[in-house]
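Work through the exercises below with the structure open beside you. Try each task on your own before you read its solution.

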Amino acid sequence: MHRLSLYYAFMDPESFLPVPQQTLHILLALSDGDAHGYGIMQDVAARTNGKIRLSPGTLYGAIKRLLEEGLITEVERRSALPGEDERRRYYRLTKLGRSVALAELARMEETLKQARGLGLIPKGV
Amino acid sequence: MGTAASRQEPLAVRLYSSLLFAYPADFRREYAREMKLAFQDRWAEECGHNVARLWLQTLADVAWSAAREHLDQLVGDLRHASRTLRNEPSYAVVSTTVLALGIACSTIAFTVLNGTLLRPLPYPEADRLVAIDVTMQGQNSRLSWPEFAELNAGAGLISDIGGCAIASLMFMGDPSPEEVDGTEVTRGMLSLLRVSPVLGRFFTKQEHQPGGDAVILLSHALWQRRYGGDPTIVGKLIRTGSRPLMVVGVMPPQFGFPSGSQFWVPAVLDKWSNVKPTTLFIEGYGRLHASTSVEQARSGIVTIMKRTDAKHDSTSWEKRIDVKPLRAQLTTPIRSAVLAAMGAVGLVLLISCANISNLLLARASTRRRELSLRAALGASRSHIVRQIFIESAVLATLGGLAGLVLVLTIKPAILAIITARAPFWVNFDWDRRILAFVGCVSLLTTLLVGIVPAMRISDMNAIGAFREGGKGGSASRGTRRILSVLVFGQISMSVLLLLNAGLLIRSFLNLLRVDVGFDHRSVLTFRGSFPSTVAPSGIDAIRKAALAEIAGLPGVSSAAMTSHVPLSRMNKLRALTVEGRPVMKLRDTPTVNNIWASPGFFRTLDIPMVNGRDFAWSDRSAHIAIVDADLAKQYWPGQSAIGRRIRLGPPENNEPWHTVVGVVRSARMNSLTLAERSTVYLPITHVQWNSAFFVVKSATAPSSLTSTIRQRLDSVAGDTAVDQLQTMESVKNNVVWQPRFFTTLFGVFAVIALIVTAVGVYGIISYSVNQRTHDFAVRVALGASAAGLVALILRSALALTGLGVAAGVVGAIATGSLIETQLVGLESTDTITFAIVCGVVITTAALTSLLPALRASRADPIVALKQE
């Protein structure tokens, strides 16, 4: 059962921070466009060079929570592209989800800036 | 997905599908297909390499994520349950209170059960300890010396045998002389218990020999009380009435084997062997070999006892000798009462659960709009059922916690009553068994409370009817039926409890009304022990002077002495031979109570002299006796007993004949409850004990007399110990404390059950009235009177109550034999008790039904119809 996301459109993205790493990667995977579950798994694995491999249990548990929080939404079934199974469910990043992803990245950027300032990592990395 | 399609799936995907059953049903319903597809894709991608790693990752993923989903669901359900209860505080408070009462009562009853029947005795390997249980003519008895000697010599299956005999010593010195009860113990008796002294040592072999050192072991309580816990007490001499004794050790706290003993002295078997062979004075105990069972030991003992009987045929009483585990022997007197109390409390808990179940079910059906909305939004049957159970679990947890708080508050008060009179080995402290019991009871409560509403709600037809808002329809009727069954169950269990409580109460009142045959209302009693410096030849003069002093106290009208306090069950039993009657073997000889009494005894206790005269101090050692009227009637019917002769003790002992000089009215001298034997009184001038019981007829309260009595007795004999000062009324109350306690307990449980059931009846009538608002509105609109409406509602309530009462009565009759033996003066089917209880229950049900009935009769029919 998915909550109505309209309510969440007015929520403050900062209230979702910090975002767990796996959740952030799911949001990033959907930032390019709609995807189904396995598509998200492949995208995350490719972007992290295989370092993060989402398994179905973890992925769909996260999808369930993201749907409840209104950060993603399930899209209407669309006609299948060649090679795609039209029975699959597709997910789309909501405005709130995009804002949350951006807020998290900004938080990470700020942390990185502080680390550079302290000399923990070289400037320019 | 059809079967054909699933057969095309790789085995790995089918295996993965079966793993998905680890997830909650709702999650599975939503995402299982997608998860399977995702796994299928990954399997296709990685098949052929890294298969092991894939499966390891998959298994770990399923284990972790399934657990997380279950936890998420549980947290969600708990939040929902808490929100529901917060929105209906009165329902939450009532339910929690009812459950707390049920759980608290159960926990206290279990604490008593645990402390008396379950907890191991405070001795290492206590399950190997046995007692030689002796019963004579239906009463507990002891072994004679020949029997004990044979046991000691030949009990091969029991590794250690020990014997105990009652002893009494007068402790002299500060704070004041005190007569203390203790035990003579054979060598090895205490060590077979495997409990060591906290100070000092046990007795040596030499100390058990004739002429051995005079030594004593003190109890921890006596050491603290009289000697201030002196750490250097070992080796010191203490003054007693007979001779100084050297303290060789102090036993651990709470140790008082065998029956609250305060000291132990070594038994000298040579001295025991000089006691008459018919005197029963030894308690036998043993420790079994590791490989011996109680049954084997029992058959061995029986063989030995048969041999003893054959050897000492003429001097053997008819006795039953058994070997019992020590725990069983100690707990036999209270076992049935404790188990009965547990049964009663179980009923209270069941009634509480049924009550809350009622409330949950009624609430569930009034929440049909919420349920139908949730069902429409996709909530599954299992989801809703699970939430019912979570709600009942929250209630049970709150009830359990509140019950624990209640237990912590009232347990000390209740247990203080029992502990004051309980044997020393009883222990009511918290232990893991009690905590586990609270946990189990809360769990059981969860199940019992939730199962009926959950089953009802899980019926999809019911949910469908809920969707259609079927008020007054089949769902409503079905729910009403189940509610009625639950209330029927509550009423019948309450009636069963109330009937048992009522029978016990009436039996107890009968017990209190038993005519003891003497005045117990204005009589005091105490034990007076004169110092050992008083010579036997001068004891009568001291006694006479002491009684004169006591009789001269303000408020005292009469005083006398006796060997035994009436009703204390300590009377000496002796064989009776009547002159002119055939002499029988000992085992066939009748027995009588034998009491020694001073002049004035009968006057003090208001026991009228029917014939003849009282004892006089001038009787001295004359062989005379006074008998009671029952004995006189039995042996000399229609004739005077005066001048007749009787003999006490085994015939072959050739005790002197006693001439009967007086006949008194029969009285209960030994026990309130046991069948009473006749009593033969002998003059106290026959015995030269330094210690005896005083009976004093006085209007003054005993507590104000203690120091005065001691001073008066000191003035006569010096250094006299005075203890056990109490009224005869108090003696009588002490005798009945156990039936009083359990009767009170049953009474309290029964009242709680009645209150909870009344709440249940109120609940179902209210619910029923709510459901039939439309029906009633139409009736009123068509001309029905308010009185008629009230009568209609009351009739249905009383019909249900009548059925419950009938079932409870049948149950009480069926189980009546369980308490028959506990009842005094009435039977388990006593008509008056049954009539009173049924009347109370029916009246209570009628009164609790009246409120909703009146409310329904006053409702505006137009408003009611509009609301529909």
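**Exercise 1.** In which helix of chain B is the place of Gly502(B), and does Gly502(B) count as buried or exposed?

*Solution.* This is a predicted model, and we begin by finding the residue along the chain: Gly502(B) lies in helix 15 of chain B, which runs over residues 474-513. The next step is to look up the relative accessibility, which is 15% for Gly502(B). Because a residue is called buried when this value is under 20%, Gly502(B) counts as buried. As a last step, look for a partner far away in sequence: Asp830(B) is 328 residues from Gly502(B) along the chain, yet their C-alpha atoms are separated by 9.7 Å.

**Exercise 2.** Describe the surroundings of Ile356(B), starting from the helix that holds it.

*Solution.* Ile356(B) belongs to helix 10 of chain B, residues 326-366, and with a relative accessibility of 0% Ile356(B) counts as buried. If residues up to four places away in sequence are left aside, Ile356(B) touches Ser95(B), Val98(B), Leu99(B), Leu395(B) and Val449(B). The C-alpha atom of Val756(B), a residue 400 places away along the chain, is 9.6 Å from that of Ile356(B).

**Exercise 3.** Which residues of helix 7 of chain B are buried, and how are they arranged around the axis?

*Solution.* Helix 7 of chain B covers residues 220-227, and its buried residues are His220(B), Leu222(B), Trp223(B), Arg226(B) and Tyr227(B). These residues lie on the same side of helix 7 of chain B, because they cover an arc of only 165° around the axis. A general rule helps here: an α-helix has 3.6 residues a turn, so residues three or four places apart point the same way. Following helix 7 of chain B comes Gly228(B), whose phi is positive, near 60°.

**Exercise 4.** How many residues of chain A are in contact with chain B, and which helix of chain A supplies the largest share of that side?

*Solution.* First count the contacts: 22 residues of chain A meet 23 residues of chain B. Tyr38(A), Arg53(A) and Tyr60(A) supply 27% of the area that chain A buries against chain B, more than any other three residues. Turning to charged pairs, there are 5 salt bridges between chain A and chain B, and Arg65(A) forms a salt bridge with Asp72(B), with the closest N and O atoms 2.7 Å apart. Finally, the largest share of the side of chain A that touches chain B comes from helix 4 of chain A, with 9 residues. By kind, the residues of that side divide into 9 nonpolar, 6 polar and 7 charged.

Notes. Residues numbered from 1 in each chain as written. Chains lettered and ligands numbered in written order. Predicted model: local features only at pLDDT ≥ 70, side-chain atom pairs only at ≥ 80, totals over all residues. Heavy atoms only, no water. Contact = heavy atoms within 4.5 Å. Buried area = accessible area lost by both parts, 1.4 Å probe. Salt bridge = Lys/Arg side-chain N within 4 Å of Asp/Glu carboxyl O. Helix = DSSP H or I, 4+ residues; strand = E, 2+ residues; numbered from the N terminus. Nonpolar A, V, L, I, M, F, W, Y, C, P; charged D, E, K, R; others polar. Buried < 20%, exposed > 50% of the residue type's maximum accessible area, 1.4 Å probe, protein only. Arc of directions from axis to C-beta.
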